[in-house]
Amino acid sequence: MAKTKPGKKDLDSYAIKGTNKVVRAGDCVLMRPSDSDKPPYVARVEKIEADHRNNVKVRVRWYYRPEESIGGRRQFHGAKELFLSDHYDVQSAHTIEGKCIVHTFKNYTKLENVGAEDYFCRFEYKAATGGFTPDRVAVYCKCEMPYNPDDLMVQCEGRKDWFHPSCMEMTIEEAKRLDHFLCSDCTSEDAAKRSMNTFRVSASLEPKVEPKRRKR
């Protein structure tokens, strides 16, 4: 642990004013932005310390929202997605508005209900260069996009791949009504093995669909 400067002391915790919530190192917090029209900043508390006048400061590591990154928000970014940056800062503890939870991507997709204080992170972000770690992720569907946990997807029973209903020329409502699903490639392959008298169109199949919501 880094040494505390003379006249300062390390604190184990900080009570957020006006609440019964207590912040400790390692917690994720919501911090008041200078522009009241913007959503609160999200940060991970690395250290809490007080000076000789008992002014409490927190050393934080910032999370960036996709729209705050160099590349901006993209189609596959979730509404509650954050990037853990290499940007550290020291802020007054008085700017902390509340606590939040930044889940791993895997744990976030398993949530039954996503609350206002739930976020997720699957990338680390270099603020100076705009680089990401990892720099490659799995892609799905015909559009070959990474998974967005906000989007419903249907799984093909043939290829076991996941597809966006819109990419398969289906509405969300139609996808939710399906019990089974075969993608167009599997349907074409299946049809080629049949005689013309037994040809089935996609709408007459009884494929199995597992709609994806935020919980997966």
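This briefing describes the fold elements, nonpolar cores, selected residues and one pocket of a single protein chain. The structure is a predicted model. The chain contains three helices and 12 strands, and 37% of its 216 residues count as buried. Of the contacts between residues at least 6 apart in sequence, 56% join residues at least 24 apart.

**Nonpolar cores**

- The largest nonpolar core comprises 21 residues. Within this core, the residues with the most contacts are Val23, Val29, Met31, Ile48, Val58 and Ile96.
- Two or more residues of this core come from each of strand S4 (28-31), strand S5 (41-50), strand S6 (56-64) and strand S9 (118-125). The greatest contribution is that of S6, which gives five residues.
- Once neighbours within four places in sequence are set aside, Val23 is in contact with Asp12, Ser13, Tyr14, Ile16, Val29, Val45, Ile48, Ile96 and Lys99.
- A second core, separate from the largest one, has 14 residues. Among them are Met153, Trp162, Met168 and Phe181.

**Arginine 122 and its surroundings**

- Arginine 122 belongs to strand S9, one of the elements that give two or more residues to the largest core.
- Is arginine 122 buried or exposed? Its relative accessibility is 15%, below the 20% limit, and therefore arginine 122 counts as buried.
- The side chain of arginine 122 forms a polar contact of 2.7 Å with the side chain of glutamate 81. The arginine 122 side chain also reaches the backbone oxygen of tyrosine 147, at 2.8 Å.
- Beyond residues up to four places away in sequence, arginine 122 touches Phe76, His77, Glu81, Leu82, Phe105, Thr133, Pro134, Pro146 and Tyr147. This list includes both partners of the polar contacts, Glu81 and Tyr147.

**Threonine 133 and the cis peptide bond**

- Threonine 133 is located in strand S10. Its contacts, apart from neighbours within four places in sequence, are with Arg122, Phe123 and Glu124.
- Threonine 133 and arginine 122 are 11 residues apart along the chain, and their C-alpha atoms are separated by 8.6 Å.
- The peptide bond joining threonine 133 and proline 134 is cis, with omega at about -5 degrees.
- Proline 134 lies in the loop between strand S10 (132-133) and strand S11 (154-155). Both threonine 133 and proline 134 are touched by arginine 122.

**Residues with positive phi**

- Asparagine 54 is not a glycine, yet it has a positive phi of about 70 degrees. This residue is in the loop between S5 and S6.
- Cysteine 141, also a residue other than glycine, has a positive phi near 70 degrees. Cysteine 141 is placed in the loop between S10 and S11.
- Which of the classes buried and exposed applies to asparagine 54? Asparagine 54 is exposed, because its relative accessible area of 52% is over the 50% limit.
- Cysteine 141 has a relative accessibility of 7%, under 20%, and so counts as buried.

**Threonine 19 in the S2-S3 loop**

- Threonine 19 is situated in the loop between strand S2 (13-15) and strand S3 (22-24). With 35% relative accessibility, threonine 19 counts as partly exposed, because this value lies between the 20% and 50% limits.
- A polar atom of the threonine 19 side chain lies 2.9 Å from the backbone oxygen of isoleucine 16. The side chain of threonine 19 also reaches the backbone nitrogen of lysine 21, at 3.1 Å.
- How far apart are the C-alpha atoms of threonine 19 and glycine 98? They are separated by 8.2 Å, although the two residues are 79 residues apart along the chain.
- Isoleucine 16, whose backbone oxygen is approached by threonine 19, is also one of the contacts of Val23.

**The second largest pocket**

- The second largest pocket has a volume of about 260 Å³.
- Its lining consists of 13 residues. Those nearest the centre of the pocket are Arg74, Phe76, Phe123, Phe132 and Asp135.
- Classified by type, the lining holds six nonpolar, four polar and three charged residues.
- Two of the residues nearest the pocket centre recur in contacts described above: Phe76 is touched by arginine 122, and Phe123 is in contact with threonine 133.

Notes:
Residues numbered from 1 in each chain as written. Predicted model: local features only at pLDDT ≥ 70, side-chain atom pairs only at ≥ 80, totals over all residues. Heavy atoms only, no water. Core = buried A, V, L, I, M, F, W, Y, C linked by side-chain atoms within 4.5 Å. Buried < 20%, exposed > 50% of the residue type's maximum accessible area, 1.4 Å probe, protein only. Helix = DSSP H or I, 4+ residues; strand = E, 2+ residues; numbered from the N terminus. Contact = heavy atoms within 4.5 Å. Polar contact = N/O pair within 3.5 Å; in protein donor to acceptor, adjacent residues only side chain to side chain. 1 Å grid on protein atoms, 1.4 Å probe; cavity = no way out; pocket = protein on both sides within 12 Å on 5 of 7 lines; lining within 4 Å. Points joined across faces, edges and corners; volume = space filled by probe spheres on them. Nonpolar A, V, L, I, M, F, W, Y, C, P; charged D, E, K, R; others polar.
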